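The following note is offered as a guide to reading this structure. Please keep the sequence and the three-dimensional view at hand while working through the numbered points.

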Amino acid sequence: MDVIEQIRAANAGRDPQRLALKYAAMRADPFGFLRGSCALFYARLPRGGVFKSAPLAWSCGDLHLENFGSYKADNRLAYFDLNDFDEAALAPASWDLVRLLTSVLIGTEPLVAGAADATALCRVVLDAYATALTAGKAYWVERDTASGLVGQLLASLRARKRPAFLDTRTTLRAGKRRLLVDGRKAFDATADERRRVTRFLGEFAATQADPGFYKTLDVARRIAGTGSLGVERYVILVKGKGSPDGNYLLDLKAALPSALTARLKTPQPRWATPAQRVATLQQRLQAAPMAFLRPVVMDGRPFVLRALQPAEDRVSLVRANTGHLTQLMADLGRIVAWAQLRSAGRQGSANLDELIDFGSRKKWKPALLDAALAAADQLRRDAAVFNAACDDGALKA
């Protein structure tokens with residue numbers, strides 16, 4: 001398999017300025033490479049065994065440690081859940097799991113004593129997932145009782161005030177806010193981009209109960225994530241509940257076909273647009289849908305509109321100890337199971353009884369762990385090939 005051609009094809013047509021940032025993030029370490037090479041990961045995935053026999057489930061598609069996080073739902077409460085659905089699709093339940101386990105093996109390398117400890121964390125994920133699936137009831141991480149790293153994150157989100165959050169993403173002069181364009185979270189939008197986004201949001205606002213809420217104050221090109229860097233994306237500052245401290249930030253992101261569908265033989269629903277797929281499956285899989293989430297069309301192209309979700313609203317593993325990591329892995333395993341249970345029996349996915357039966361079986365867990373270990377080894381080799389291609393100029397944004 002030609003690794004560089006796979007990566008080049010997956011990123012064709014993207015904004016060069018943000019694609020350069022993506023390639024830099026992929027070069028930083030193997031975990032960054034995993035985040036930025038979802039299509040390649042699934043191209044490498046075995047087609048037999050548990051990857052064929054597992055029941056079908058609605059899947060995040062790009063599941064890894066950084067695609068869990070906290071957010072404000074449309075009921076204004078904070079949740080910790082899956083939070084990226086660009087690649088969401090109907091797939092064997094094992095597909096999300098093997099990508100998550102691979103990310104655990106790669107992403108915890110700097111934090112654990114050795115490979116045996118990382119493997120033990122994978123077993124925690126698998127056991128928590130299987131136990132939750134066998135229970136057959138979809139729950140969510142309780143905000144008031146969450147502890148460890150997730151509890152700390154939710155507590156910080158509850159304590160955060162809107163003006164303080166706005167101050168991190170905007171500048172305030174003479175009582176008016178403007179987006180902070182710093183080359184890390186945002187680039188300047190062109191005059192044409194500002195006109196297009198402002199016109200779109202004005203038309204959208206006219207269909208809403210409170211059109212004034214969506215009055216556009218500023219527009220910038222958003223920098224966020226790794227896998228989607230280079231896709232057309234904007235952060236929009238709107239009037240909200242009043243300037244300057246009642247302003248809101250919205251995220252408008254182009255929706256593309258899932259990277260999984262090229263590798264899936266499973267028939268997928270006929271979505272009206274990729275944006276409808278992303279928004280529908282996010283609403284279906286999350287415990288409560290994110291604020292403002294909906295599929296939209298701008299200039300004839302599908303986009304997903306939602307509240308801006310800060311990158312900081314993810315668990316930081318930098319200072320995590322073994323106890324913190326173990327508890328987090330159990331939380332992640334349960335969250336995946338709850339999402340699959342929550343969406344069971346919908347548009348071709350397995351029903352509850354089939355998922356419960358899968359969770360109660362034993363043989364698939366060691367097989368899935370072996371596959372993740374092999375995937376992690378292959379990913380390290382692919383990352384080395386990618387780095388060499390960047391070094392000799394064979395791959396440029």
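**Note on a buried arginine, its sheet and two helix contacts**

1. Arg-221 has a relative accessibility of 11%, and because buried means under 20%, the residue counts as buried. The model is a predicted one, and this value, like the others below, should be read with that in mind. Arg-221 belongs to strand S8, which covers residues 216–222.

2. Which residues surround Arg-221, once its neighbours within four places in sequence are left aside? The contacts include Asp-15, Gln-17 and Arg-18, as well as Lys-185, Ala-186, Phe-187, Asp-188 and Ala-189. Glu-193, Arg-233 and Tyr-234 are also among them. For a sense of distance, Asn-11 lies 210 residues from Arg-221 along the chain, and the C-alpha atoms of the two are separated by 18 Å.

3. The strand that holds Arg-221, S8, is part of an open sheet of 6 strands, ordered S7-S8-S9-S10-S12-S11, with antiparallel pairing. At the edges are strand S7 (186–188) and strand S11 (294–298), each of which pairs on one side only. From one strand to the next, the twist averages 40°. As background, the strands of a sheet pair through backbone hydrogen bonds, either parallel or antiparallel.

4. Strand S9 (residues 233–238) deserves separate attention. S8 pairs with S9 in the antiparallel sense over 5 bridges, and within this pairing Ala-220 has Val-235 of S9 as its bridge partner. S9 also pairs with strand S10 (residues 248–254), again in the antiparallel sense, over 6 bridges. Across from S9 in S10, Leu-252 stands opposite Tyr-234, and Leu-250 stands opposite Ile-236.

5. Is S9 enclosed or open to its surroundings? Of its 6 residues, 6 are buried, so S9 is largely enclosed by the rest of the structure. In a regular strand, side chains alternate between the two faces of the sheet. In S9, Arg-233, Val-235 and Leu-237 point one way, while Tyr-234, Ile-236 and Val-238 point the other way, and all are buried.

6. A helix also lies against the sheet. Helix H11 (residues 274–285) lies across S11 and strand S12 (301–307), and H11 runs at about 30° to S12.

7. The next point concerns a pair of helices. The axes of helix H8 (residues 148–159) and helix H12 (residues 322–342) come within 7 Å and cross at roughly 80°. Angles of 65 to 115 degrees count as roughly perpendicular, and H8 and H12 are therefore described in that way. Gly-148, Leu-149, Val-150 and Gln-152 of H8 meet His-324, Gln-327, Leu-328 and Asp-331 of H12. By class, this contact has 3 nonpolar, 4 polar and 1 charged residues.

8. A second helix pair consists of helix H7 (residues 115–135) and helix H13 (residues 352–360), whose axes come within 7 Å and cross at roughly 140°. The crossing of H7 past H13 is left-handed. From H7, Tyr-129, Ala-130, Leu-133 and Thr-134 meet Leu-355, Ile-356, Phe-358, Gly-359 and Ser-360 of H13. The residues of this contact divide into 6 nonpolar and 3 polar, with no charged residue.

Notes:
Residues are numbered from 1 along each chain as its sequence is written. This is a predicted model: local features need pLDDT of at least 70, side-chain atom pairs count only at pLDDT 80 or more; totals for chains, interfaces and linings use all residues. Side-chain values use heavy atoms; hydrogens and water are left out. Axes are lines fitted to C-alpha atoms, for helices over the stretch in contact, and angles run from 0 to 180 degrees between N-to-C directions. Helices (H or I, at least four residues) and strands (E, at least two) are DSSP runs, numbered from the N terminus. A crossing is left-handed if the near helix is turned anticlockwise from the far one by less than a right angle, and right-handed if clockwise. Contact means heavy atoms within 4.5 Å. Ala, Val, Leu, Ile, Met, Phe, Trp, Tyr, Cys and Pro count as nonpolar, Asp, Glu, Lys and Arg as charged, and the others, Gly among them, as polar. Two strands pair if DSSP finds at least two bridges between them. Angles under 35 degrees count as roughly parallel, over 145 as roughly antiparallel, 65 to 115 as roughly perpendicular and the rest as oblique. Buried means under 20% relative accessible area, exposed over 50%, partly exposed in between (1.4 Å probe, protein chains only).
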